[in-house]
Amino acid sequence: MKNVLENIKNLDNDTPVGCSRVIPFKKSVVVIIAVMLAILLYAIILGQKNFLGVFLQVTVFSILASALSGRMRNSVLPCSIILAFGVLIQLTLGMSPLKLQLDILLASVTAVIAAAVYKRNVIKLNKRIGVIIMVAAILGLTALAMISGGIGGASNWILIGGISIQATELTKLIYIICLCTVTEHNKATELKSFAASCILTLGMAGIYILQNEFGTLLLILVVFITVIFLSYSTKYTLYTLAVSLLLAFVGIGIAWLIHSSGIRGGIFGIISSAYEKILDRIVYWLNPEQDIYNKGYQYIQRKQIMLTTGLFGTETTTSVGIKESDLVLTAVMERFGVILSVLLMFLYTFSFWQQITAAHKVCDGYHKKIIAAMSVSIAGQVIVIAAYTGGALPITGLCLPFIGRGGTVMMTVFMMYGIMSAAAHRDIWDSGHGDNGIWSDTSSIESKKKEKSHIKHLKNKCTSLLSEAKNLTISKAGDNKLNDNTKEDGQNEGEN
Amino acid sequence: MKEKIKLQTVSTIIILLFMTTAMLLIKNSGVIGFLSDEDMKAEKERIIRTAKENEYTMGDIIDHDGNIICHTDKDSDTRYCSLGEAAGNLVGFANDTGDSIGLEEMYHSELAYDKSDKEGKYGKTMRLSINSKLQSVLYNAMKDYSGGAVVLEVDTGRIMAMVSTPSFDPTNIKENYNEIAKQDGVFFNKAYRSNIAPGSVFKLVTSIGILENKLDKEKVNDSGEVEVDGTVIRNAGHNAYGKIGYADALTHSSNVYFVTKALELGTANMQNILDRCLIGKEIVTDLSDNPLKSTGVYTSWTQKELAYSAFGQGNVTVTPLHMAAIVQGIANYGDMKCPWIVEGIYDSKGETSYDYHNSMRTLSKLTNKSVCKKILTAMERNWESYSFGASNPLEIGAKTGTAEVLENGLMKYNAWMTAVMPVSNPKYVIVAVDIGGNYSGIQMRPVIEAAAGCLSALDGENK
């Protein structure tokens with residue numbers, strides 16, 4: 001009997017458990033339209049006239065994303081709502097609707113392309129070449145950013161013919177895929193792959209330090225620790241944490257020495273200015289009153305906005321600079337209030353949870369890792385910004401996914417969702433069944449046959465197990481009856 | 001660890017972090033009362049208030065008769081002060097940069113916002129007890145000195161004028177701030193805040209003890225000096241006045257007389273008089289958050305210290321306003337009132353919730369009427385002695401004082417003159433002091449005369 005129950009349990013594990021929990025496409029369309037109409041009504045109440053065109057685009061694209069995302073649909077749905085609010089806040093902050101529409105269109109196209117490329121599984125199948133190309137891409141993008149001069153002195157932007165691309169966002173995405181690929185190993189290559197991942201991360205850390213991108217550095221370190229934790233035994237994670245902390249202390253010590261020595265030539269100048277930047281951010285975060293009109297200004301404004309916004313927000317948007325990107329959550333707080341900001345946090349949490357749920361369903365470790373790493377990256381970004389807005393961290397320069405202004409940021413996040421949707425599509429990596437959106441390729445006869453044969457196989461398995469269970473129950477009942485008869489006989493004998 | 005558990009661990013940590021940051025947003029926004037501490041509530045209130053104030057234009061300051069002293073022009077965002085330098089230290093200013101002084105600092109929240117004025121968006125109007133004409137006259141008379149001067153109304157303690165020199169013009173303070181700030185002590189209201197040695201004007205305080213205890217009945221043989229604990233104390237100019245009584249001693253400002261009588265009075269009696277004059281105690285006024293301060297505790301003093309204090313040297317220090325309040329107490333026959341300046345703060349509808357009667361309170365009962373009358377008579381004689389026989393139609397009674405102050409090895413003087421007018425029915429008290437200069441008390445006479453003349457003219461106008 002025990003064996004039979006275990007078999008049923010295993011059978012349950014074999015079934016695509018996630019399928020029934022993913023909201024059906026039709027229902028998702030209804031949800032999208034209902035929520036979008038509610039947001040449209042809210043926008044009208046707020047007096048936002050430019051919203052309609054972008055709103056229609058967001059609605060259509062959300063429906064398309066829902067159709068394409070398959071098992072990631074539950075995660076994509078809240079993001080559509082966040083995006084709609086993001087559009088609303090950006091229009092309120094004075095962004096051109098046309099630019100916004102273009103950004104969304106471009107991001108959506110790149111997301112589909114990224115997903116289509118990823119679906120072919122080329123990187124996993126050509127691991128070595130894939131890693132080399134990715135490392136080359138990271139170095140190429142960084143070099144381009146350094147050469148092109150960047151924006152406002154920052155060396156993390158590529159400027160080509162009036163178009164600006166934030167190189168760090170793209171390198172971050174490539175790094176995540178590269179890291180997950182590098183950490184793929186067997187018993188024999190465990191140490192080698194671990195070392196390769198460490199070298200890759202150290203290299204990335206060096207690039208981000210040179211580019212003064214400490215927010216992104218923090219983020220990739222979180223992703224790195226997560227991937228190490230998922231790929232290797234716990235002791236590797238502990239070593240990584242310890243070494244990372246040690247390196248951070250040593251790095252800060254060296255930077256302090258260079259800064260104190262007064263040497264400013266070449267690399268020393270870069271390190272010194274980076275040290276100064278971090279120190280300033282920490283000092284004025286802890287005590288913004290020291291320089292209320294300059295370095296502490298943003299922190300004081302943030303605090304004031306937090307305290308004055310109330311549950312439903314105010315009629316104004318902050319006069320603080322970078323309110324469209326770095327301080328966008330502060331602007332959301334000010335305009336829409338605490339309730340909506342917390343609701344957004346809930347939507348981000350729900351989306352993340354659904355990504356992890358989808359990762360659980362994926363059998364292949366590599367793709368599972370890709371989903372986990374990307375979801376941690378997006379979640380980390382949101383948490384860091386929310387922590388800054390709440391006053392628990394200094395400003396980092398990260399941008400809030402789906403809300404913050406920035407074509408490259410939007411493109412990267414969309415690409416991540418595209419890749420995650422492709423990674424969560426089980427048809428590619430295992431037998432495949434259930435509602436997988438467009439990725440299930442249901443028009444394919446082969447796929448349908450596969451699905452049918454799998455269902456038939458499961459049905460047969462179920463029937464055989466149930467009949468086995470039934471037989472066992474009958475035989476047990478027979479045994480019990482026999483025992484009872486024996487007992488009765490014994491009693492009768494005693495009475496006699 | 002199994003892959004599934006690892007993934008669950010990661011997701012749990014991230015979800016917990018999400019929750020924490022969401023809670024942080026709720027907590028730090030102060031929307032939930034019990035999650036906000038007192039500091040946060042106060043900060044929130046301040047920010048909301050500041051935001052409202054930024055929308056409003058500073059309200060007017062007017063004088064006792066309704067003449068505008070300060071007004072802000074909305075279009076040019078300039079605050080004009082009609083009295084210019086004459087009221088610079090008194091009304092002060094409230095800068096965006098946080099450098100604020102004077103009444104504008106003290107009453108900034110009232111002047112900056114008036115919830116009843118939703119259309120005009122002007123702050124409340126503050127009415128002061130001063131008279132603009134008298135203020136100007138007093139300032140012009142004090143211009144050549146470096147010190148402070150005060151005119152009080154005897155019955156009420158109302159400040160009719162208060163000046164401090166050097167001063168500045170609060171008009172266009174934003175543009176001129178750096179230039180003005182270069183002048184030493186220009187933002188310091190000396191009449192209110194300079195806690196200095198009073199010199200012989202303090203003999204008025206010692207007089208209370210002498211007259212109350214009837215020590216004036218016995219004359220003192222003034223040989224020009226008196227020895228206390230091995231230290232010789234002399235009269236000013238080393239003058240000897242022979243056998244003199246109280247009135248002559250006050251007129252000649254005999255140190256020997258007052259030292260002798262103070263030693264007879266003893267520490268306890270002097271302490272009692274100082275307590276009644278609130279010397280050594282803080283007096284809260286409506287002029288500033290900082291109370292009036294003075295020093296002078298006799299309890300543990302030696303005979304020498306007691307002797308020096310009898311004529312306002314040694315460890316006794318007072319502010320000009322405090323001294324004016326003591327003289328006002330004598331002129332008011334013992335009823336010492338708190339000096340006050342704000343008569344009302346009005347909203348756009350002309351309504352006020354500010355009651356100046358709270359400020360116009362009795363601070364202390366100094367002594368009885370007969371003692372006060374004796375002092376006032378002696379003061380009148382004293383003033384007449386300065387006039388070399390000229391008539392005293394305004395019935396001014398006065399007492400001078402020249403306190404010696406050693407500053408960086410150099411002897412400097414606080415030149416005081418306190419006056420009451422008219423002595424027969426005291427209405428006004430005038431106190432003028434030059435601080436740390438080379439004047440003597442008698443040289444402050446033009447200031448007293450100018451103020452007295454103006455007061456007399458004002459009385460004539462009112463009639």
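## A nonpolar patch on chain A

In this predicted model, helix α13 of chain A supplies the largest share of a nonpolar surface patch, namely three residues. The whole patch is made of A:M146, A:I147, A:L210, A:I263, A:I267, A:F268 and A:I270, and together they have about 620 Å² of accessible area. Two helices of chain A, α8 (127-148) and α13 (266-286), each give the patch at least two residues.

Let's zoom in on one member. A:M146 sits in helix α8 of chain A. Is A:M146 buried or exposed? Neither label fits, because its relative accessibility is 36%, and that counts as partly exposed.

Another patch member, A:I147, gives us a handy landmark for finding A:L159. The two are twelve residues apart along chain A, and their C-alpha atoms are separated by 9.3 Å. A:L159 belongs to strand β1 (residues 157-160) of chain A. With a relative accessibility of 36%, A:L159 also counts as partly exposed.

## A positive patch on chain B

Now hop over to chain B. Which residues gather in a patch of positive charge on the surface there? The answer is a set of lysines: B:K52, B:K115, B:K118 and B:K349.

Take B:K118 as the example. You'll find B:K118 in the loop between α5 (108-112) and β6 (125-128) of chain B. Its relative accessible area is 65%, so B:K118 counts as exposed, the cut-off for that word being over 50%.

## Salt bridges, one by one

How many salt bridges does a search of the whole structure find? Over all chains, the count is 19. Here are a few of them.

In chain A, A:E184 pairs with A:K369, and their closest N and O atoms are 3.3 Å apart. A:E184 lies in the loop between α9 (167-182) and α10 (190-210), while A:K369 lies in helix α16 (residues 365-389), so this pair ties together parts of chain A that are 185 residues apart in sequence. The two partners have their own surroundings: A:E184 is partly exposed, with a relative accessible area of 22%, whereas A:K369 is buried, with just 5% on that scale.

Chain B has a salt bridge between B:E104 and B:R79, where the closest N and O atoms are 2.5 Å apart. Why does this pair tie together parts that are 25 residues apart in sequence? Because B:E104 lies in helix α4 (residues 102-106) of chain B and B:R79 lies in strand β3 (residues 78-81) of chain B. Here both B:E104 and B:R79 are buried.

For a pair within one helix, look at B:E449 and B:R445, whose side chains meet in a salt bridge at 3.0 Å, N to O. Both residues lie in helix α15 (residues 445-462) of chain B, and they are four residues apart, or about one turn of the helix. B:E449 has a relative accessible area of 37%, so B:E449 is partly exposed.

## Backbone oddities in chain B

Time to look at the backbone. The peptide bond that runs from B:T165 to B:P166 is cis, and its omega is near -5°. B:P166 lies in the loop between β8 (159-164) and α7 (173-181) of chain B. B:M421 and B:P422 are also joined by a cis peptide bond, with omega about -20°. Where is B:P422? Look in the loop between β17 (410-421) and β18 (428-437) of chain B.

Next come two residues with positive phi. B:K121 is not a glycine, yet its phi is positive, near 55°. B:K121 lies in the loop between α5 and β6 of chain B, and that's the loop where we met B:K118. At 27% relative accessibility, B:K121 counts as partly exposed. B:Y333 isn't a glycine either, and its phi is about 60°. The spot to check for B:Y333 is the loop between α13 (320-331) and β13 (335-337) of chain B.

## How confident is the predictor?

For the model, the scores are ipTM 0.80 and pTM 0.61. Chain B has an average pLDDT of 89, and 97% of its residues score at least 70. A word of caution for reading any model of this kind: where pLDDT is low, the predicted coordinates shouldn't be read in detail.

Key. Residues are numbered from 1 along each chain as its sequence is written. Chains are lettered from A and ligands numbered from 1 in the order in which they are written. This is a predicted model: local features need pLDDT of at least 70, side-chain atom pairs count only at pLDDT 80 or more; totals for chains, interfaces and linings use all residues. Side-chain values use heavy atoms; hydrogens and water are left out. Patches are made of residues with over 30% relative accessible area and no salt bridge: like charges are joined within 9 Å, nonpolar side chains (Val, Leu, Ile, Met, Phe, Trp, Tyr) within 5 Å. Accessible areas come from the Shrake-Rupley method with a 1.4 Å probe; for residues, only the protein chains shown count as cover. A salt bridge is a side-chain nitrogen of Lys or Arg within 4 Å of a carboxyl oxygen of Asp or Glu. Buried means under 20% relative accessible area, exposed over 50%, partly exposed in between (1.4 Å probe, protein chains only). Lys and Arg count as positive and Asp and Glu as negative; His and the chain ends are not counted. The place of a charge is taken as NZ of Lys, CZ of Arg, CG of Asp or CD of Glu. pLDDT is the predictor's confidence in each residue, from 0 to 100.
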